[in-house]
Amino acid sequence: MGKALIIGCGGVAKVAIHKCCQNSEVFEEIMIASRTKSKCDELKEELEKKTKTIIHTAQVDADNVEELVKLIKLFQPDVVLNLALPYQDLSIMDACLETKTHYIDTANYEPLDTAKFEYKWQWEYKEKFKEAGIMALLGSGFDPGVTGVFSAYALKHEFDEINYIDILDCNGGDHGYPFATNFNPEINIREVSANGSYWQDGKWVETKPMEIKREYDFKGVGKKDMYLLHHEELESLAINIPGIKRIRFFMTFGQSYLTHLKCLENVGMTSIEPIEYEGMKIVPLQFLKAVLPDPASLGPRTVGKTNIGCIFRGKKDGKDKTYYLYNICDHQECYKEVGSQAISYTTGVPAMIGAMLVMNGTWSGKGVFNIEEFDPDPFMEALNKWGLPWEEDFNPVLVD
Ligand code: NDP
């Protein structure tokens, strides 16, 4: 069917690339382009024997629009799948605009020097993408991503009106390290050390980091403590789900993770303010990332399951209704299939699905879109087919 340019070759990208190679009918040709080309070449060598997809590799600095434009013009992909870091979103979108190529990502833009992620910057591209006749699909991971698709599906099939959404992200996996992050440590720590917030009655309610804690008994995992965080899909769902009164996001963390994080924070290691060290400027958080285990290396040692989903409350035919949609994913099963743990897997699979639906024209449009704006049915079907089957509960325990 077509060609995809995939930018980045980290934990998430590796899974998405494995999945594209399992789906050669759609992904006839891919180019893996990243900062460190040797990682792209290693993956190409591993996958080439197992797939009909033709794989190319390239070195690219995704902060450099000119370099990106050159590469896109050379390869002429149907879509660009951005699986680098949130800092690169805008430069990659600029290159897509210049070459009139569709754009897909899994995380919203975040400036390198301010730990603030929001859609504002990418939504400002709406008119420009419309005029260029191309589309940007924002947030095609799990959360954001599948959580938005779940919301659109619940609204389409189960409710006349959704009033409350609680997104619960549970990782019951154990990697055996006292402290490690399951995806890029810098992005992960910026996210969890920020203030929390949730959307209620048309406005944001802010909390201190980890201020709101609940316990929940997750199917497939068991009882876990979870904490309210700000999360990017809250921002778009607040706009795209009519009738919504409150949306919250909770993520589970173990005590060891939290104790280490507090200690690192207390000594200044999570700061993004550059400091002077022996004549060099270093950012403590970036240095911390360098000494922590690479999330891609957690695959072989992580056991247990993830359970991520949404609990909806609203009205159907004038009656109150609750509905829970979730996916359970097993770390070791993922490792056996694609050599990665479940956090990368649950993000990489939806990234491939989003790219597939744009490439084959199932989802089309001109402008910049969040995932819940499209018909959820083909995505839901693809989740079952490509490794993330979902389950339903019509009588779930609610979070108070
Ligand atoms: P990794 O750090 O493992 O991978 C990032 C990749 O991007 C690396 O290959 C890195 O290259 C490459 N890269 C970084 N900067 C540049 C640059 N300037 N030019 C070219 N390549 C660059 O991160 P993850 O795979 O864990 O995460 C990838 C993305 O997925 C992030 O944006 C993250 O926020 C998002 N994510 C989304 C989730 C969701 O559910 N929606 C969940 C988890 C993650 P190098 O190898 O040289 O370092």
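# Exercises on a predicted model

The buried residues of helix α4 are D89, L90, S91, I92, M93, A95, C96, L97 and T99. The model used throughout these exercises is predicted.

## Exercise 1. A helix and its end

Task: Decide how helix α4 (residues 89–99) sits in the structure, enclosed or open. Then find what K100 does just after α4.

Solution.
- Step 1. Take the buried residues of α4, including D89, I92, M93 and L97.
- Step 2. Compare with the helix length: 9 of the 11 residues are buried.
- Step 3. Conclude: α4 is therefore largely enclosed by the rest of the structure.
- Step 4. Move just past the helix, where K100 has a positive phi of about 55°.

## Exercise 2. Two domains and the largest core

Task: State which domains are assigned, how many residues of each are in contact, and what the largest nonpolar core draws from them.

Solution.
- Step 1. Read the bounds: the domain assignment gives domain 1 as 2–138 and domain 2 as 146–339.
- Step 2. Locate the C-alpha centres of the two domains, which lie 24 Å apart.
- Step 3. Look at the contacts: 22 residues of domain 1 touch 16 residues of domain 2.
- Step 4. Turn to the largest nonpolar core, with 89 residues. Inside this core, F27, I30, F150, F312 and I353 have the most contacts.
- Step 5. Find the main contributor: helix α13 (residues 342–359) gives the most to this core, with 11 residues.
- Step 6. Check the domains: domain 1 and domain 2 each supply at least three residues to this core.
- Step 7. Look beyond it: another core, of 31 residues, lies apart. A62, I72, Y109 and W123 are among its residues.

## Exercise 3. Around F312

Task: List the contacts of F312, leaving aside neighbours within four places in sequence.

Solution.
- Step 1. Start with the lower numbers: F312 is in contact with F150, S151, A154, F159, I162, Y164 and I165, among others.
- Step 2. Complete the list: F312 also contacts K321, T322, Y323 and L325.
- Step 3. Link back to the core: F150 and F312 are both among the residues with the most contacts inside it.

## Exercise 4. Helix pairs

Task: Describe how α8 (residues 185–192) meets α11 (residues 284–291), and how α12 (residues 331–338) packs with α13.

Solution.
- Step 1. Take α8 and α11: their axes come within 9 Å and cross at roughly 125°.
- Step 2. Classify the angle: α8 and α11 are therefore oblique to each other.
- Step 3. Add the handedness: α8 passes α11 in a right-handed crossing.
- Step 4. Name the residues: P185, E186, I189 and R190 of α8 meet L285, Q286, L288 and K289 of α11.
- Step 5. Recall a rule: an α-helix has 3.6 residues a turn, so residues three or four places apart point the same way.
- Step 6. Take α12 and α13: their axes are 8 Å apart, at an angle of about 65°.
- Step 7. Add the handedness: α12 passes α13 in a left-handed crossing.
- Step 8. Name the residues: H331, C334, E337 and V338 of α12 meet A342, I343 and Y345 of α13.

## Exercise 5. Residues in loops

Task: Is N182 buried or exposed? Which residues does P389 touch, not counting those up to four places away in sequence?

Solution.
- Step 1. Place N182 in the loop between β7 (161–171) and α8.
- Step 2. Apply the cut-off: buried means under 20% relative accessible area. At 17%, N182 counts as buried.
- Step 3. List its partners: N182 touches N171, H175, P295, L298, Q341, I343 and S344, not counting residues up to four places away in sequence.
- Step 4. Place P389 in the loop between α14 (377–385) and β18 (390–393).
- Step 5. Judge its exposure: with a relative accessible area of 40%, P389 is partly exposed.
- Step 6. List its partners on the terms of the task: P389 touches Y326, N327, I328, L383 and N384.
- Step 7. Compare sequence with space: P389 and I328 are 61 residues apart in sequence, and their C-alpha atoms are 7.8 Å apart.

## Exercise 6. Backbone angles

Task: Describe the backbone at Q76, D317 and the D143 to P144 bond.

Solution.
- Step 1. Q76 is not a glycine, yet its phi is positive, about 55°. Q76 lies in the loop between α3 (65–75) and β4 (79–82). At 57% relative accessibility, Q76 counts as exposed.
- Step 2. D317 also is not a glycine, and its phi is positive, near 50°. D317 lies in the loop between β15 (305–316) and β16 (319–330). At 63% relative accessibility, D317 counts as exposed.
- Step 3. The peptide bond from D143 to P144 is cis, with omega near 10°. P144 is in the loop between β6 (135–138) and α7 (146–157).

Key. Residues numbered from 1 in each chain as written. Predicted model: local features only at pLDDT ≥ 70, side-chain atom pairs only at ≥ 80, totals over all residues. Heavy atoms only, no water. Core = buried A, V, L, I, M, F, W, Y, C linked by side-chain atoms within 4.5 Å. Buried < 20%, exposed > 50% of the residue type's maximum accessible area, 1.4 Å probe, protein only. Helix = DSSP H or I, 4+ residues; strand = E, 2+ residues; numbered from the N terminus. Domains from an automatic or database assignment. Contact = heavy atoms within 4.5 Å. Axes fitted to C-alpha atoms, helices over the stretch in contact; angles between N-to-C directions. Parallel < 35°, antiparallel > 145°, perpendicular 65-115°, else oblique. Left-handed = near helix turned anticlockwise from the far one by under 90°.
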